[in-house]
Amino acid sequence: MRMDRLLADLEAAEAARRAAQRRVEIAEGVRAERAAVTLEDRLRGSLGSDVEVVAAAHPVRGRLVEVARGWIALDRSTRKDVVLGVDDLARPGSVVVATAALESATGLRASHHKDDAPSVGRTWGSLLRALARSRATVVWRTTSGNEFTGLVDAVGVDHAVVRRSAGTPVVLTTQAVACIEVGARRGEDYR
């Protein structure tokens with residue numbers, strides 16, 4: 001009898017130890033999974049949500065419509081249509097924000113979405129070429145807070161040429177971009 005109770009106690013203690021170890025392993029797995037979530041994963045989990053982001057001390061509010069490598073796009077208009085390609089982002093009301101320039105984001109869902117597929121056609125170059133094709137006026141804000149308004153005339157590997165109202169071109173690097181507002185009218189007509 002005594003021996004049976006002793007064996008039962010030992011088995012119960014071992015089962016409790018294994019259960020505790022399993023809880024620790026699960027908790028560690030959850031922490032490791034959370035640690036592997038990138039900002040872009042978190043943003044991707046909030047596609048379609050109304051968010052506010054701050055880049056270079058400039059707050060931008062809108063519906064999150066695109067998350068690509070290195071940038072996100074918000075729609076400030078009341079349109080509810082889906083973004084199919086970068087040309088859809090060259091419409092008035094679109095704001096493109098460099099993820100490297102993001103200081104904060106609010107309104108994000110708790111979920112995230114990993115995307116291991118390459119973002120074909122969603123590069124800075126493809127986006128800037130779409131803006132050049134659209135001939136839309138853009139307001140280009142840099143990470144240092146400077147602002148340039150004009151038309152995107154030419155696009156290089158790591159820069160774009162923006163023609164301002166006086167016809168003066170300025171070369172702007174994609175490395176220093178904070179955000180680009182599409183269709184914002186400031187001052188003169190640039191067409």
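Below is a friendly set of questions and answers about this predicted model.

User: Before we start, what kind of model is this, and how are residues numbered?
Analyst: This is a predicted model, in which local features need pLDDT of at least 70, side-chain atom pairs count only at pLDDT 80 or more, and totals for chains, interfaces and linings use all residues. Side-chain values use heavy atoms, with hydrogens and water left out, and residues are numbered from 1 along each chain as its sequence is written.

User: How many helices and strands does the chain have?
Analyst: Helices (H or I, at least four residues) and strands (E, at least two) are DSSP runs, numbered from the N terminus. Starting at the N terminus, the order of elements is α-α-β-β-β-β-β-α-β-β-β-β-β. The chain therefore has 3 helices and 10 strands.

User: In what order do the strands sit in the sheet?
Analyst: Two strands pair if DSSP finds at least two bridges between them. In this chain 10 strands form an open sheet with antiparallel pairing. Strand 5 (102-106) and strand 9 (169-173) each have a single partner strand, so one side of each is left without a neighbour in the sheet. The order is 5-1-2-3-4-10-6-7-8-9.

User: Which helix packs on the sheet, and what angle does its direction make with that of strand 7?
Analyst: From one strand to the next, the twist of the sheet averages 40 degrees. Helix 3 (residues 124-134) packs on this sheet, and the strands it touches include strand 3 (71-75), strand 4 (94-98) and strand 8 (159-163). Contact means heavy atoms within 4.5 Å, while axes are lines fitted to C-alpha atoms, for helices over the stretch in contact, with angles from 0 to 180 degrees between N-to-C directions. With strand 7 (147-155), the direction of helix 3 makes about 100 degrees.

User: Is strand 3 enclosed or open, and how many of its residues are buried?
Analyst: Buried means under 20% relative accessible area, exposed over 50%, and partly exposed in between (1.4 Å probe, protein chains only). In a regular strand the side chains alternate between the two faces of the sheet. Here Trp-71, Ala-73 and Asp-75 point one way, and Ile-72 and Leu-74 the other way. Strand 3 is largely enclosed by the rest of the structure, because the buried residues number 5 of the 5.

User: Which residue stands opposite Asp-75 in strand 4?
Analyst: On one side, strand 3 is joined by 5 bridges to strand 2 (residues 58-68), running antiparallel, and Leu-64 stands opposite Leu-74. The hairpin of strand 2 and strand 3 has 2 residues between the strands, and Gly-70 takes a positive phi near 95 degrees there. Strand 3 also pairs with strand 4 in the antiparallel sense over 5 bridges. Opposite Asp-75 stands Ser-94.

User: What is the bridge partner of Thr-142 in strand 10?
Analyst: Strand 6 (residues 137-142) and strand 10 (residues 177-182) run antiparallel and are joined by 5 bridges. For Thr-142, the bridge partner in strand 10 is Val-177.

User: Which residues are linked in a network of salt bridges?
Analyst: Side chains of opposite charge can pair when their charged atoms come close. A salt bridge is a side-chain nitrogen of Lys or Arg within 4 Å of a carboxyl oxygen of Asp or Glu, and the structure holds 10 of them. Glu-181 meets Arg-76 at 2.9 Å, N to O, and also forms a salt bridge with Arg-141, their closest N and O atoms being 2.2 Å apart, while Glu-147 pairs with Arg-141 at 3.1 Å. The network links Arg-76, Arg-141, Glu-147 and Glu-181.

User: Why does Glu-181 count as buried?
Analyst: Its partner Arg-76 is partly exposed at 41% relative accessibility, whereas Arg-141 is buried, with a relative accessible area of 9%. Glu-181 counts as buried because its relative accessibility is 7%.

User: Where is there a nonpolar patch on the surface, and what is its accessible area?
Analyst: Patches are made of residues with over 30% relative accessible area and no salt bridge, where like charges are joined within 9 Å and nonpolar side chains (Val, Leu, Ile, Met, Phe, Trp, Tyr) within 5 Å. Leu-7, in helix 1 (residues 2-35), is partly exposed with a relative accessible area of 44%. Accessible areas come from the Shrake-Rupley method with a 1.4 Å probe, and for residues only the protein chains shown count as cover. Met-3, Leu-7 and Leu-10 form the patch, and their accessible area together is about 310 Å².
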